Amino acid sequence: QVRGLCGTYNWNQQDEFTTPMGDVETRVAAFANKYRASSSCPELSPFPLEPCGAFAGQRELAEAACAVLHGPAFQ
């Protein structure tokens, strides 16, 4: 019964990118673009994102946040 940016949580990786319309995207950017809150939000590019280049000085903050996700609470 779960759907959205967090996936379907049904152990079937083939339907993790189910969109609000019920179709399944195969690319991350296309999937994320279906969940844009407003048409004024920019669409994601199909190319890999480079967040460290776009947000200089935020690397330490990002590494600390990711450390939580890689920590024992999520294992």
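How much area does the chain expose, and what share of it do carbon and sulfur atoms supply? In this predicted model, the exposed area comes to about 6500 Å², and carbon and sulfur atoms account for 61% of that surface. Of the 75 residues in the chain, 16% are buried.

The overall layout is easy to follow. Three helices and zero strands are found in the chain, giving the pattern α-α-α when read along the sequence. Helix α1 covers residues 28-34, helix α2 covers residues 51-54, and helix α3 covers residues 59-70. Among contacts with a separation of 6 or more, those between residues 24 or more positions apart make up 10%.

Confidence in the prediction can be followed along these elements. The mean pLDDT of the chain is 79, and 81% of the residues reach a score of at least 70. Among the elements, α1 has the highest mean value, at 86, while α2 has the lowest, at 62.

The segment before α1 offers two residues worth a closer look, Trp11 and Asp15. Trp11 has a relative accessibility of 79% and therefore counts as exposed, since the cut-off for that class is over 50%. The backbone of Trp11 also deserves a glance: its phi is near 70°, a positive value in a residue other than glycine.

Asp15 gives the opposite picture in terms of accessibility. With 17% relative accessibility, Asp15 counts as buried, because buried residues are those under 20%. Which residues does Asp15 contact, once its neighbours within four places in sequence are left aside? The partners are Thr8, Asn10 and Val24. With one of them, Asn10, the side chain of Asp15 also forms a polar contact of 2.9 Å.

Attention can now turn to the surface around helix α3. Here Leu69, which belongs to α3, has a relative accessibility of 54% and so counts as exposed, again by the cut-off of over 50%. Leu69 does not stand alone: together with Val68 and Phe74, Leu69 forms a nonpolar patch on the surface. The accessible area of these three residues adds up to about 330 Å².

Taken together, the model shows a chain of three helices, with a buried Asp15 and an exposed Trp11 in the segment before α1, and a surface patch formed by Val68, Leu69 and Phe74.

Key
Residues numbered from 1 in each chain as written. Predicted model: local features only at pLDDT ≥ 70, side-chain atom pairs only at ≥ 80, totals over all residues. Heavy atoms only, no water. Helix = DSSP H or I, 4+ residues; strand = E, 2+ residues; numbered from the N terminus. Buried < 20%, exposed > 50% of the residue type's maximum accessible area, 1.4 Å probe, protein only. Patch = residues over 30% accessible without salt bridge, like charges linked within 9 Å, V, L, I, M, F, W, Y side chains within 5 Å. Areas by Shrake-Rupley, 256 points an atom, 1.4 Å probe, with all protein chains shown as cover. Salt bridge = Lys/Arg side-chain N within 4 Å of Asp/Glu carboxyl O. Polar contact = N/O pair within 3.5 Å; in protein donor to acceptor, adjacent residues only side chain to side chain. Contact = heavy atoms within 4.5 Å. pLDDT = per-residue confidence, 0-100.
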